[in-house]
Amino acid sequence: MQRSALLRLTGGRFRPQRWGVLLLFLGLLLLLRVVLGAPFIGFQPQIFVLASLLLAGYYALAPLPWLWTGDGRIRPAFARGALQSLVWNVFWLGAVALLMHGLRNVLNSAQPAPMVALIRPAFLHIPRELLLVGVNLPFAFMVGWLIAEGDAADRERADAEATRQSLLEETRAAQARALQAQLDPHVLHNALSALAELVREDPVRAEEALVGLSDLYRRLTRYGQQPRVRLGEERILLQDLLALEDLRLGPRLKVVWNWPLDLDDLELPPLLVQPLVENAVKHGIAPLAEGGELRLEAAREAAGALRITIANTGLPFDASALDGTGLANLKARLVLLDPAASLIFRSENGWTYAELRLPLGAHP
C-alpha cells in the first residue's frame, strides 16, 4: 500500500466503533501479566502509560511494515515484510522504552516497568529499556502480521467487490446505450412511415414534414451520444414528433400539455417518454376516424421522484403493445436504470394512462 492508504487505514482503527477492540486488547495484556505471575499492584501512572503505549503500538504500528509497499500492491513479499517489521518494531519499541525511562526519572520511582519485571531473572543485569524491546519485539512481529493479514484480506475483498460493481455498472451502461441506439432508428422508421402516408394526401404538408424530420434526425443523432439529457430537451423532442403527427392527423389529434417549464433542468436518460407518446398516438388515437385527445403531464413528487403521465382517449390499451419495439425497449432500459423506476398502464373512464416514475438520482 502507499502512504495515503496506510494513513487512512491507521486512522480508521481508532474510530469509536473500534474502541471495544482496543479495550479487549488491553484486557489481554493485563491477563497475560497475571498469568505470568506478576504481583497485583494498584494503579500506577507508569503501568498505565506503558500498557497504553504497547496497546497502541501493537494495534496501529506493528501491522504497518507488513502492508507498506510504496505502490498499488496490497502487501509486500513475506521476506520484505519481515525485514521491514523487524526494523520498524525496533524503532517504535525503542521510542517507547526511552519514553518510559524518562517517565521513571520524572516520577522518581524505583518500581521497574511491569512488563520487564515479569521475565527478567535476578542474575541478568540487562537494562530495562533493552529488555523491554527484546521481550516485545517477537510479539509485535507476530501480532502485526496477524492484523495485517486481516487488513489485506479485507482490502482484497473490497477491491474485488469494487471491481465487480464497476464491471456491472459498465455492463449496465453498455446495455442501456445499445437499447438506446436500437430505439433511434425505430423512431425514424415510424416518422418515415407517417411521412410516406402524408405524401400521397398532401404534398405541401409533406414538404414541411421533411424539414421537421431533418431536425428530428439531427436531435436523435445528438441524443445517441449522451447518456443523460435535460427534461426540457426531451419535451422539445416530443414537440417535434407531435408536429409530424399533427401534419398527418390534423384536427384528429388534440394535444394538451401540463408540463411545468421549471422542470426543464432535471436530467434523465433520453428517449424514455417518446415511446409512451408514440404508443398513445399510434394505437389509441390514429386508428379512430374521429381521433382523440393526448395529455402530457410532468410533476415532481414529494418523495423526490419525477412522475410523467401520458394519457389518451381512443381505443383502450392493448397489453400486446408491451411486446412492441418501443415499449419493450423502454421496459428493458428501466430495469437497467434503477429498481425503483416503474411504468404502470391503466384504463379509467375511457382514458388510457401510462405513468412513468423515475428517481431523480437514477443513472442509465
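**Entry 1: Phe-78 and its patch**

I began with Phe-78 in this predicted model, and I counted the residue as exposed because its relative accessibility is 55%, which lies over the 50% cut-off for that class. I then placed Phe-78 within helix H5, which covers residues 78-107. Looking at what Phe-78 shares the surface with, I noted that Phe-78, Trp-145 and Leu-146 make a nonpolar surface patch of about 340 Å².

**Entry 2: helix H10**

I turned next to helix H10, residues 274-285, and noted that its twelve residues reach 16 Å from the first C-alpha to the last, close to the 16 Å expected at 1.5 Å a residue. Is H10 enclosed or open to the outside? I found that ten of its twelve residues are buried, so the helix is largely enclosed by the rest of the structure. I wrote down several of the buried residues of H10, among them Gln-274, Glu-278 and Asn-279, together with Leu-276, Val-277, Val-281 and Ile-285.

**Entry 3: the open sheet**

I followed the strands across the sheet and recorded five of them, in the order E2-E4-E5-E7-E6, forming an open sheet with mixed pairing. Which strands stand at the edges? I found E2 (253-258) and E6 (342-348) there, each with a single partner strand, so that one side of each is left without a neighbour in the sheet. I also noted that neighbouring strands of this sheet are turned by 15 degrees against each other on average, with direction ignored.

**Entry 4: strand E5 and its two partners**

I looked at E5, residues 305-312, in more detail, and found this strand mostly covered, with seven of its eight residues buried. On one pairing, E5 runs antiparallel to E4 (residues 292-300) over seven bridges, and within that pairing I located Arg-300 opposite Leu-306 and Arg-295 opposite Ala-311. I then checked the connection between E4 and E5, which form a hairpin with four residues between them, and in that turn I noted a positive phi of about 95 degrees at Gly-304.

On the other pairing, E5 runs antiparallel to E7 (residues 351-359) over eight bridges, and I asked which residue of E7 is the bridge partner of Arg-307. The partner that I found is Arg-357.

As a reminder for reading such strands, I wrote that in a regular strand the side chains alternate between the two faces of the sheet.

Definitions and conventions: Residues numbered from 1 in each chain as written. Predicted model: local features only at pLDDT ≥ 70, side-chain atom pairs only at ≥ 80, totals over all residues. Heavy atoms only, no water. Patch = residues over 30% accessible without salt bridge, like charges linked within 9 Å, V, L, I, M, F, W, Y side chains within 5 Å. Areas by Shrake-Rupley, 256 points an atom, 1.4 Å probe, with all protein chains shown as cover. Salt bridge = Lys/Arg side-chain N within 4 Å of Asp/Glu carboxyl O. Helix = DSSP H or I, 4+ residues; strand = E, 2+ residues; numbered from the N terminus. Buried < 20%, exposed > 50% of the residue type's maximum accessible area, 1.4 Å probe, protein only. Expected span 1.5 Å × (residues − 1). Pairing = 2+ DSSP bridges. Axes fitted to C-alpha atoms, helices over the stretch in contact; angles between N-to-C directions.
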